[in-house]
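The following paragraphs offer a guided reading of one protein model. The reader is invited to keep the sequence and the three-dimensional view at hand throughout.

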Amino acid sequence: MNLNDIISGPMNLGAIEFLSIALLSIGIYSFLSSKTVIKALISVEIMVNAGLINLIGASSYYGDTSGANMTLFILVISAAETVVAISLFVAVFRSKGSASLDVMKLLRW
């Protein structure tokens with residue numbers, strides 16, 4: 001068995017799920033320990049990407065291509081959500097001059 005057979009062989013679903021769980025754990029820990037909005041936003045993106053890796057892995061394992069289509073759709077929505085969050089952050093930062101999450105409480109009613 002050569003390296004080409006190992007790479008092009010069937011995907012190990014357990015390894016992909018382990019990677020997804022590890023990324024999700026990193027994202028949750030980073031989100032809970034974040035003090036700034038940017039770090040919290042990056043943590044949320046890591047958690048979304050962990051779910052998408054799991055979706056792509058399962059889709060590839062079962063030979064279905066609809067998971068890749070759904071992943072692309074979710075990535076587009078996630079990018080739009082990130083743009084909105086960054087624009088809110090920039091607006092609050094310009095008015096208050098701080099990047100902490102405590103300042104973002106001003107957006108509440």
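The crossing of α2 and α3 is left-handed. This structure is a predicted model, and the crossing is a convenient place from which to enter it. Two packed helices are described by the angle between their axes and the distance between the axes. For helix α2, residues 13-32, and its partner α3, the angle is about 170 degrees and the axes are 8 Å apart. An angle over 145 degrees counts as roughly antiparallel, and α2 is therefore roughly antiparallel to α3.

The wider setting may now be described. The protein contains four helices and zero strands, and the pattern along the sequence reads α-α-α-α. Of its 109 residues, 21% count as buried. Among the contacts with a sequence separation of 6 or more, 53% are between residues 24 or more positions apart.

Helix α3 deserves attention next. It has 25 residues, which at 1.5 Å a residue should span 36 Å; the C-alpha atoms at its ends are 36 Å apart, so the expected and modelled values agree. The buried residues of α3 are Val-37, Ala-40, Leu-41, Ser-43, Glu-45, Ala-50, Leu-52, Gly-57 and Ser-59. An α-helix has 3.6 residues a turn, so residues three or four places apart point the same way. The cover over the buried residues of α3 includes both α2 and α4. Just after this helix, Gly-63 adopts a positive phi of about 75 degrees.

Helix α4 covers residues 66-96, and the same check of length can be applied to it. Its 31 residues should span 45 Å at 1.5 Å a residue, and its end C-alpha atoms are 45 Å apart, so here too there is agreement. Within α4, the buried positions are Gly-67, Thr-71, Ser-78, Thr-82, Phe-89 and Val-92. These buried residues pack against α3, residues 37-61. Just after α4 comes Gly-97, with a positive phi of about 75 degrees.

Individual residues show how α3 and α4 meet. Glu-45 belongs to helix α3. Is Glu-45 buried or exposed? Its relative accessible area is 17%, and because buried means under 20%, Glu-45 counts as buried. Apart from neighbours within four places in sequence, Glu-45 is in contact with Ser-78, Glu-81 and Thr-82. Glu-45 can also be placed relative to Leu-24: the two are 21 residues apart in sequence, and their C-alpha atoms are 9.9 Å apart in space.

Thr-82, in helix α4, gives the view from the other side of this contact. Its relative accessibility of 17% makes Thr-82 buried. With neighbours within four places in sequence set aside, Thr-82 is in contact with Leu-41 and Glu-45. A separation of 38 residues in sequence lies between Thr-82 and Val-44, yet their C-alpha atoms are 9.6 Å apart.

Ser-66, also in α4, is described differently from Thr-82. With a relative accessible area of 36%, Ser-66 is partly exposed. Between the C-alpha atoms of Ser-66 and Leu-55 there are 9.8 Å in space, and the two residues are 11 apart in sequence.

A last stop is the nonpolar interior. Which residues make up the largest nonpolar core? There are five in all: Val-37, Phe-89, Val-92, Val-103 and Met-104. Of these, Val-37 is among the buried residues of α3, while Phe-89 and Val-92 are among those of α4. Leaving out residues up to four places away in sequence, Phe-89 touches Val-37, Ile-38, Ala-99 and Met-104.

Methods. Residues numbered from 1 in each chain as written. Predicted model: local features only at pLDDT ≥ 70, side-chain atom pairs only at ≥ 80, totals over all residues. Heavy atoms only, no water. Core = buried A, V, L, I, M, F, W, Y, C linked by side-chain atoms within 4.5 Å. Buried < 20%, exposed > 50% of the residue type's maximum accessible area, 1.4 Å probe, protein only. Contact = heavy atoms within 4.5 Å. Helix = DSSP H or I, 4+ residues; strand = E, 2+ residues; numbered from the N terminus. Expected span 1.5 Å × (residues − 1). Axes fitted to C-alpha atoms, helices over the stretch in contact; angles between N-to-C directions. Parallel < 35°, antiparallel > 145°, perpendicular 65-115°, else oblique. Left-handed = near helix turned anticlockwise from the far one by under 90°.
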